[in-house]
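Please open the structure in your viewer and keep the selection tool at hand. The tour goes from stop to stop, saying at each one what to select and what is found there.

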Amino acid sequence: MGNRFSHLLFMCAMGLLVGCYNPQRDLSIDPYNTPLIHIIEAAYDENAGIVTVQWEYLGQKRVENFVLQRRDISGFRNIVRSSGADAQGIYATAGTFQDRELFAGERLQYRVIAEYSEGGLVSTSAVEVPIPGAGLREVRRNPIVLAVQLGWQTESGEVMTYEVVRAPAGGDYETIFVTQDPQQTSFEDRSISDNRLYTYAIRSNLSTGVKHTSRGVRVQFYREAGRYVVAPLHSGRERVRFSPAGPHNEADMLALIVQAGQSSLSYLRHTLSENIPNRISHLLVKTDMLNLGSILPQSVDLVGPPPLAGREGTRSIAYIGGIDSIGRIGVTRIEWSINTTIIWQLFYLNWISTSSHVRLAQDNQQRFYIATGRQLRVYSATGSPVGTFDLEYENLVDIAVHNGVIWVAWANGIQRGILHFSGETLSNITWEVVLHPQIEPRALTFNAAGQIFVLDRTQIRVFRANGEELLSWTLPAGAFSSGDLTMGRSSPNLLHLSDENGEVITYVP
């Protein structure tokens, strides 16, 4: 008995030395007698569906506010702030907070802070409280088929039904799926037909009659992830064109910059910003100066290597095409291999155009397509001609080639042609469909799945390979109604270049 009493006395004495509060002790001479705050209890009430946090403050310092904080994915955030008036002039203050805005399927952390009137603060340690129900653990977007795959996991509690809820930007949640199967932990939403921003969550209906909704996750098939200026354009005599650099290049994008008195081919690498998560930034890897002769800057176009180029032991080939002051068509062939500098050669074709520009394309056999006026010519990878065809219309806007199909954009529509080769010769083109003659295309490009992206006057529109429209989104405010579209080769990012000021918008799927 004596030994036990001595032990308790020793433990009490040690507690006083390290910070137990005694209101009878003199704060001015006892440095350990500092104000304290601690959480007495933090627990989930399964019948009420709330978390109750009880705390106690000990001290004489004047408290301005008590703040309850809850930790989310970005750190602790204030959820309740109350006056500290009740703590003035007394040694102990008790308080209670009730948190009703809970996220299902998470282990929430709480702490309470006392903010002093004279400055400074004192905080409790964090206390963790599990919230029953299912949390949204996985969200995968598939812009090719317009599907969103959702996966969830239950933290605790008995869940009677799961609801998948979805809300458009600025709207309220609507239930799009319900299941009573406790084994089901995923759902694929294929009911979206646009590119609006949606928020998804999982709502758990518990056996206690309480409902909790998980933290929402925002989803958009193509979202804007960053803007930057490659090179500022000051007049119509300056031009920037983009093209993928190839899957094995040190950069993922080529940028042709044609300005007064000089032309350059820059190599760009797109990266996620370290300071702002999910933001795209660009890095200039290197620049090679080019001599494009007397080619007019506003007439040029750039096409990069096809998807199969750039493998070990092969050379990547890109082309720059344009028109000089007397209408001659000039072409610059650019070659490079891994870890070597580029080799470029400028030559003029025996071809006079009445148009103000040319448009280029390249297929996966490194065949080179050039269109201007009402004529299309095709050349092999070695530069020999393999076909010449008259086009139906003169007001050509853009061309692109993918898997044996050429797409031609005119001022008021899009044509789709099947390419027929006899050996190395392009023997015929079967024009089989005209897409939406009411649109006003300004540029077009493809992704790896063969879907075509069209820059319209007021929006970007996406079509399936068979010509069926898939989705669209409105262009942002600013000078983006004309320019160029390019799909990244190493990543499926869509780049939209403004012809007016050289600014680039990157859309991330």
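Begin by selecting strand β39 (residues 494-498) together with strand β40 (residues 503-508), which run antiparallel and are joined by four bridges. Within this pair, pick out Leu-495 in β39 and look across to β40, where Thr-506 stands opposite Leu-495. This is a predicted model, and that should be kept in mind at every stop.

Now widen the selection to the sheet around these two strands, an open sheet of four strands in the order β17-β40-β39-β38, with antiparallel pairing. At its edges you will find β17 (223-229) and β38 (483-487), each of which pairs on one side only. If you turn the view to look along the sheet, the twist to look for averages 20 degrees from one strand to the next.

A second sheet makes a useful next selection: it is open, has three strands in the order β9-β10-β13, and its pairing is antiparallel. Here the edge strands are β9 (133-142) and β13, each pairing on one side only, and the twist from one strand to the next averages 20 degrees. Select strand β10 (residues 147-156) with β13 to see an antiparallel pairing over four bridges; in that pairing, Gln-149 has Glu-188 in β13 as its bridge partner.

Move next to strand β18 (residues 239-244), which is mostly covered, since six of its six residues are buried. In a regular strand the side chains alternate between the two faces of the sheet. In β18, Arg-239, Arg-241 and Ser-243 point one way, while Val-240, Phe-242 and Pro-244 point the other way, and all of them are buried. Adding strand β19 (residues 253-259) to the selection shows its antiparallel pairing with β18 over six bridges, in which Val-240 has Ile-257 of β19 as its bridge partner.

From there, turn to the largest nonpolar core, which holds 56 residues, and select Tyr-57 and Tyr-200, the members that touch the most other members. Then select strand β6 (residues 107-116), which gives the most to this core, with five residues.

The following stop is a single residue, Thr-96, which lies in strand β5 (residues 92-99). Is Thr-96 buried, partly exposed or exposed? Its relative accessibility is 47%, so Thr-96 counts as partly exposed, because that class lies between the cut-offs of 20% and 50%. Leaving aside residues up to four places away in sequence, Thr-96 touches Thr-52, Val-53, Gln-54 and Trp-55. For one of these, Trp-55, the separation from Thr-96 is 41 residues in sequence and 6.5 Å in space, C-alpha to C-alpha.

Two loop residues deserve a pause for their backbone angles. Most residues other than glycine have a negative phi. Select Gln-366, in the loop between β26 (359-362) and β27 (368-372); although Gln-366 is not a glycine, its phi is positive, at about 65 degrees. Then select Asn-403, found in the loop between β30 (396-402) and β31 (405-410), which is likewise not a glycine and has a positive phi of about 50 degrees. Which of the two is buried and which is exposed? Gln-366 counts as buried because its relative accessibility is 15%, whereas Asn-403 is exposed, with a relative accessible area of 61%.

Finally, select the whole protein chain, whose secondary structure comes to one helix and 40 strands. Buried residues make up 50% of its 509 residues, and its accessible surface comes to about 24,500 Å², of which 48% belongs to carbon and sulfur atoms. Among contacts between residues at least 6 apart in sequence, 52% join residues at least 24 apart.

If you colour the chain by confidence, the average pLDDT is 83, and 86% of the residues score at least 70. Confidence is lowest in helix α1 (residues 2-18), with a mean of 37, and highest in strand β13 (residues 186-189), at 96. As a last selection, take residues 1-31, over which the pLDDT is below 50, and which have 23 contacts in the model beyond near neighbours in sequence.

Conventions. Residues numbered from 1 in each chain as written. Predicted model: local features only at pLDDT ≥ 70, side-chain atom pairs only at ≥ 80, totals over all residues. Heavy atoms only, no water. Core = buried A, V, L, I, M, F, W, Y, C linked by side-chain atoms within 4.5 Å. Buried < 20%, exposed > 50% of the residue type's maximum accessible area, 1.4 Å probe, protein only. Pairing = 2+ DSSP bridges. Axes fitted to C-alpha atoms, helices over the stretch in contact; angles between N-to-C directions. Contact = heavy atoms within 4.5 Å. pLDDT = per-residue confidence, 0-100. Areas by Shrake-Rupley, 256 points an atom, 1.4 Å probe, with all protein chains shown as cover.
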